[in-house]
Amino acid sequence: MTGPAGGAAAGVLALLAGRGQTLAAAESLTGGLVAGELTAVSGASQVVRGSVTAYATDVKQAVLGVDGALLAARGAVDGEVARQMACGVRRVLDADWGIATTGVAGPAPQDGQPVGTVHVAVCGPEGTGRVRSLALEGDRERIRRDSVAAVLDLLLSELTENTGAQDTEQHGGNGCLQP
């Protein structure tokens, strides 16, 4: 594998392949690293539909369907933005599962958020979304690599735990059906 998330990538892909399900990724701060980690695994083409690197805020809205009012009010570094990105890429690329990363890798703060603020999200077949918010430490490269590991770990936990569960702190109801 290419990085520390390699084991999680292989595990995610094996589980999805076993279920006959597909995956798409939406990335901001990771700039394609999630897709790279996934496609480094032999056989990834059975599962991975594609990815969208939505680095610019307007791309998040125009391509992934993230709510413009949300982006204007909170900026791109936000848990709900991550959830909408995951659900949007799932819809755009016609995948069973969507995952997303957004945050601040540095060197400077963004949208009033400090370096290391990261939100990762998963949107599943039932249209439910789960977000994990992180305060990562280290340099730009470490924050980006840790973000890749975090989104793959979040998806792995969704696949191996109760994927239909919903709670008010971590799960976003069925808002992923139509971002």
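Here are four short exercises, each with a worked solution, on a predicted model.

**Exercise 1. The nonpolar cores**

Find which residues have the most contacts inside the largest nonpolar core, and which element gives the most to this core.

*Solution.* Start with the core itself: it has 31 residues, and those with the most contacts inside it are Leu23, Leu38, Ile99, Leu152 and Leu155. Next, turn to the elements that give two or more residues to this core: helices H1 (6-19), H2 (33-39) and H6 (140-160), together with strands S1 (23-27), S3 (97-103) and S4 (117-123). Of these, H6 gives the most, with eight residues. Finally, look for a second, separate core: this one has 21 residues, including Ala26, Ala54, Ala76 and Ala86. As background, nonpolar side chains in soluble globular proteins tend to be buried together.

**Exercise 2. A salt bridge within one helix**

Work out how far apart Arg83 and Glu80 are in helix H5, and whether each is buried or partly exposed.

*Solution.* First, check the contact: the two side chains, Arg83 and Glu80, meet in a salt bridge at 2.5 Å, N to O. Then place the pair in helix H5 (residues 79-92), where Arg83 and Glu80 are three residues apart and therefore separated by about one helical turn. Now compare the accessible areas with the cut-off for buried, which is under 20%. Arg83 has a relative accessible area of 7%, so Arg83 is buried. Glu80, with 25%, is partly exposed.

**Exercise 3. Arg130 and its partners**

Determine which parts of the chain are linked by the salt bridges that Arg130 forms with Glu158 and Glu161.

*Solution.* Begin with Glu158, whose side chain meets that of Arg130 in a salt bridge at 2.8 Å, N to O. Arg130 lies in strand S5 (residues 129-135) and Glu158 in helix H6, so this pair ties together parts that are 28 residues apart in sequence. Both Arg130 and Glu158 are buried.

Move on to Glu161: its salt bridge with Arg130 has the closest N and O atoms 3.9 Å apart. This pair also links distant parts of the chain, with Glu161 in the segment after H6 and Arg130 in strand S5, 31 residues apart. As for exposure, Glu161 is partly exposed, at a relative accessible area of 47%, while Arg130 is buried, at 11%.

To round off, the model has seven salt bridges, and Glu37, Glu141 and Arg145 are linked in a network of them.

**Exercise 4. The largest pocket**

Describe the lining of the largest pocket by class.

*Solution.* Take the volume: about 150 Å³. Then count the lining: 13 residues, with Ser28, Leu29, Tyr55, Gly103 and Gln110 nearest the centre. Sorted by class, the lining has six nonpolar, five polar and two charged residues.

Note on methods. Residues are numbered from 1 along each chain as its sequence is written. This is a predicted model: local features need pLDDT of at least 70, side-chain atom pairs count only at pLDDT 80 or more; totals for chains, interfaces and linings use all residues. Side-chain values use heavy atoms; hydrogens and water are left out. On a 1 Å grid over the protein atoms alone, a cavity is a set of points where a 1.4 Å probe fits but cannot get out, and a pocket is an open set with protein on both sides within 12 Å along at least five of seven lines; lining residues have an atom within 4 Å of a point. Grid points are joined across faces, edges and corners, and a volume is the space filled by probe spheres set on the points. Ala, Val, Leu, Ile, Met, Phe, Trp, Tyr, Cys and Pro count as nonpolar, Asp, Glu, Lys and Arg as charged, and the others, Gly among them, as polar. A nonpolar core is a set of buried Ala, Val, Leu, Ile, Met, Phe, Trp, Tyr and Cys residues joined through side-chain atoms within 4.5 Å. Buried means under 20% relative accessible area, exposed over 50%, partly exposed in between (1.4 Å probe, protein chains only). Helices (H or I, at least four residues) and strands (E, at least two) are DSSP runs, numbered from the N terminus. A salt bridge is a side-chain nitrogen of Lys or Arg within 4 Å of a carboxyl oxygen of Asp or Glu.
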